[in-house]
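Work through the exercises below with the model open. Try each task before you read its solution.

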Amino acid sequence: MNVINAACALVAASPAADGGALDTGYVRIAPADLAWTLLLILCAVVLSRACRIGHEKSLLLGTVRSLVQLLAVGWLLRLIFRNEHWSFVALMVAVMIGIAAFDGKRRLEHRFKRALYVMLFSIGLATITTMATAIFLVFPVELWAKPQYVIPLAGMMTANALNSASLAVNRLAADVRLRKGEIEVALSLGATPAQASRRALRAAVRAAMTPALNMMMIVGIVQIPGMMSG
């Protein structure tokens with residue numbers, strides 16, 4: 001899907017034939033042409049099979065799910081964009097946060113009780129806090145209920161929050177298991193759970209921040225010229 005998005009962005013950002021001026025209109029790509037990008041998925045399936053990695057089913061299922069989701073979201077966004085109202089925007093953002101929390105909980109390496117609530121709270125808090133800052137302090141008042149501005153921003157914030165939350169929870173659970181003896185000794189000596197697991201918490205926070213920090217280092221050189229300009 002990243003290849004499909006990149007192809008669309010590249011075509012949209014390509015200069016027009018007359019004098020190299022940028023064409024501000026949309027370039028339509030036929031579904032048959034876009035289907036050629038699925039050859040890369042087929043290559044990945046063949047390599048997975050040849051190397052006995054065992055991801056063939058996941059790759060095919062993920063491709064089908066991605067296509068279905070993109071079609072469904074495209075139809076839904078057309079409906080929302082035609083009816084600019086804050087309730088539609090709020091509903092879409094809530095759905096994105098809920099789906100991200102459910103998917104994040106399902107992909108955790110170490111399952112525990114109330115994992116869904118932990119993911120929902122962390123992703124929701126990060127997304128809503130960032131969105132509230134952007135909407136009420138950065139955006140002009142007339143853009144607060146504009147879905148074409150709010151929804152893409154919320155999508156990026158939710159995706160980043162999902163990655164960070166998943167990394168933090170997985171790293172914390174792994175470190176707690178690794179330091180089980182150390183934590184139990186600290187608890188027996190009267191330390192609080194927060195004090196006993198402080199080193200594990202710090203490692204989890206560092207692990208969650210690493211992708212965002214890496215992206216910040218190259219966002220103006222790699223990410224914006226590649227995808228965001230398209």
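Five exercises follow, each with a worked solution.

This is a predicted model: local features need pLDDT of at least 70, side-chain atom pairs count only at pLDDT 80 or more, and totals for chains, interfaces and linings use all residues. Residues are numbered from 1 along each chain as its sequence is written, and side-chain values use heavy atoms, leaving out hydrogens and water.

**Exercise 1. The overall fold**

Task: Count the helices and strands of the protein, then find what share of its residues is buried.

Solution. Start with secondary structure, where helices (H or I, at least four residues) and strands (E, at least two) are DSSP runs numbered from the N terminus. The protein has 10 helices and zero strands. Next comes burial: buried means under 20% relative accessible area, exposed over 50%, and partly exposed in between (1.4 Å probe, protein chains only). Of the 230 residues, 22% count as buried. Now turn to contacts (heavy atoms within 4.5 Å). Among contacts with a separation of 6 or more, 58% link residues 24 or more positions apart. Last, take the accessible surface (Shrake-Rupley method, 1.4 Å probe; for residues, only the protein chains shown count as cover). The total is about 16200 Å², and carbon and sulfur atoms hold 68% of this surface.

**Exercise 2. Helix α4**

Task: Check the span of helix α4 against its number of residues, and find what covers its buried residues.

Solution. The expected span of a helix is 1.5 Å times one less than its number of residues. Helix α4 covers residues 56–82 and has 27 residues, so it should span 39 Å. Its end C-alpha atoms are 39 Å apart, which agrees. Then list the buried residues of α4: Glu-56, Thr-63 and Ile-80. Their cover includes α3 (38–50), α5 (86–106) and α7 (147–178).

**Exercise 3. A threonine in α6**

Task: Is Thr-127 buried or exposed, and which residues is Thr-127 in contact with, leaving aside neighbours within four places in sequence?

Solution. Locate Thr-127 in helix α6, residues 115–138. Its relative accessibility is 0%, so Thr-127 counts as buried. With those sequence neighbours set aside, Thr-127 contacts Ile-97, Ala-154, Met-157, Thr-158 and Ala-161.

**Exercise 4. Salt bridges**

Task: How many salt bridges does the structure hold? Describe the partners in α5 and α7.

Solution. A salt bridge is a side-chain nitrogen of Lys or Arg within 4 Å of a carboxyl oxygen of Asp or Glu. The structure holds four.

- Take α5: Asp-103 pairs with Arg-106, with the closest N and O atoms 2.9 Å apart. The two are three residues apart in the helix, so about one helical turn separates them. Arg-106 is partly exposed at 34%.
- Take α7: Asp-175 and Arg-171 meet at 3.3 Å, N to O. They are four residues apart, so again about one helical turn separates them. Asp-175 is buried at 7%, whereas Arg-171 is partly exposed at 36%.
- Move on to Glu-182, which bridges to Arg-179 at 3.6 Å between the closest N and O atoms. Glu-182 is partly exposed at 36%. Salt bridges with shared partners join Arg-179, Glu-182 and Arg-199 into one network.

**Exercise 5. A nonpolar patch**

Task: Which residues form a nonpolar patch on the surface?

Solution. Patches take residues with over 30% relative accessible area and no salt bridge; like charges are joined within 9 Å, nonpolar side chains (Val, Leu, Ile, Met, Phe, Trp, Tyr) within 5 Å. Trp-36, Leu-39, Leu-42 and Val-46 form the patch, with about 440 Å² of accessible area together. Val-46 sits in helix α3 and is partly exposed at 48%.
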